[in-house]
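Thanks, everyone. Today I would like to talk about aromatic rings and the company they keep, so please have the model open in front of you while I go through them.

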Amino acid sequence: MKIAIIPARSGSKRIPNKNIKTFCGKPIIAYSIHAAISTGLFDEVIVSTDHSDIANIAVQYGASVPFLRSNENSNDHATILDVMHEVVSWYDSKGMSLEICCGIYATAPFIRSEDLVKSYQKLVDEKRDSVLAIGKFPVPIQKAFKMNDGKISWFFDNFDLDRTQDLSSSYQDAAQFFWFNTAKFKRSGLIIGTNTGGYEIDQLAVQDIDTQEDWEMAEFKYQFLKSRNERGN
């Protein structure tokens, strides 16, 4: 059995009601639900939430909410691993065996169903324990600075004379989705391990949404990408 798990806790402080806030015409969580359903890969697309308003909107857009989160996984300290573990344990308690799970972020409006399909194929073909959506950093992290008392210094002293084109590319979590083999997850308790594959996302589609400024930038980028796709560029 394969399921998609979309974590959507209430109580965001910097962007109130972030997971169901209207993004370019519809609740932002709807993009994640639609992309997951459109793949045809999943036996069920569920939303893990602690709030009935989020649950109602999730169901409206085609997801299911088989249970509400426990109190311990509804606070600011609950991790994504805690949420995944709670969902997997709930299915175990009902006698339903989960083979593969895909965690999909609720605030991922750039997510595409074709990326979900291709990354799933990577998980299977390469026999990975998990696969994470990643985006390339625009500049080499080996050239990063840190600042103390107004003065800058290198993070990595041994790369200061290297040309940027000679340095290895580096990547970040694209904040869109991750796949994992459920049996391996239950044994290790980890998503990212020694056998995790990376699936690269278009750099323009990588956007954390933690502040109002992030939100506005995401809407700008979404409209740009939509226009670019419509032009066929």
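Ring pairs link Phe23, Tyr31, Phe110, Trp215 and Tyr222 into a cluster, and I should say straight away that we are looking at a predicted model. Two members of this cluster also have a lysine over them: Lys21 lies over the face of Trp215, 5.4 Å from the ring centre, while Lys26 lies over the face of Tyr31, at 4.6 Å from the ring centre.

How many aromatic pairs does a search of the whole structure find? The search gives 16 aromatic pairs. One of them is formed by Phe42 and Trp179, which are stacked, with 5.4 Å from centre to centre and 15 degrees between the planes. This pair links distant parts of the chain, since Phe42 sits in the loop between helix H1 (28-39) and strand S4 (44-48), whereas Trp179 belongs to strand S9 (residues 171-181), and the two are 137 residues apart. Are these two residues, Phe42 and Trp179, buried or exposed? Both Phe42 and Trp179 are buried.

Let me set another pair beside that one, namely Phe155 and Phe156, whose ring centres are 6.3 Å apart. Their planes meet at 40 degrees, and because stacked pairs need planes under 30 degrees apart and edge-to-face pairs over 60, the pair of Phe155 and Phe156 counts as tilted. As for their surroundings, Phe155 has 46% relative accessibility and Phe156 has 34%, and because buried means under 20% and exposed means over 50%, Phe155 counts as partly exposed, and Phe156 counts as partly exposed too.

Note on methods:
Residues are numbered from 1 along each chain as its sequence is written. This is a predicted model: local features need pLDDT of at least 70, side-chain atom pairs count only at pLDDT 80 or more; totals for chains, interfaces and linings use all residues. Side-chain values use heavy atoms; hydrogens and water are left out. Rings of Phe, Tyr and Trp (its six-membered ring) pair if their centres lie within 6.5 Å; planes under 30 degrees apart count as stacked, over 60 as edge-to-face and the rest as tilted. Helices (H or I, at least four residues) and strands (E, at least two) are DSSP runs, numbered from the N terminus. Buried means under 20% relative accessible area, exposed over 50%, partly exposed in between (1.4 Å probe, protein chains only). A charge sits over a ring if NZ of Lys or CZ of Arg is within 6 Å of the ring centre and within 35 degrees of the ring normal.
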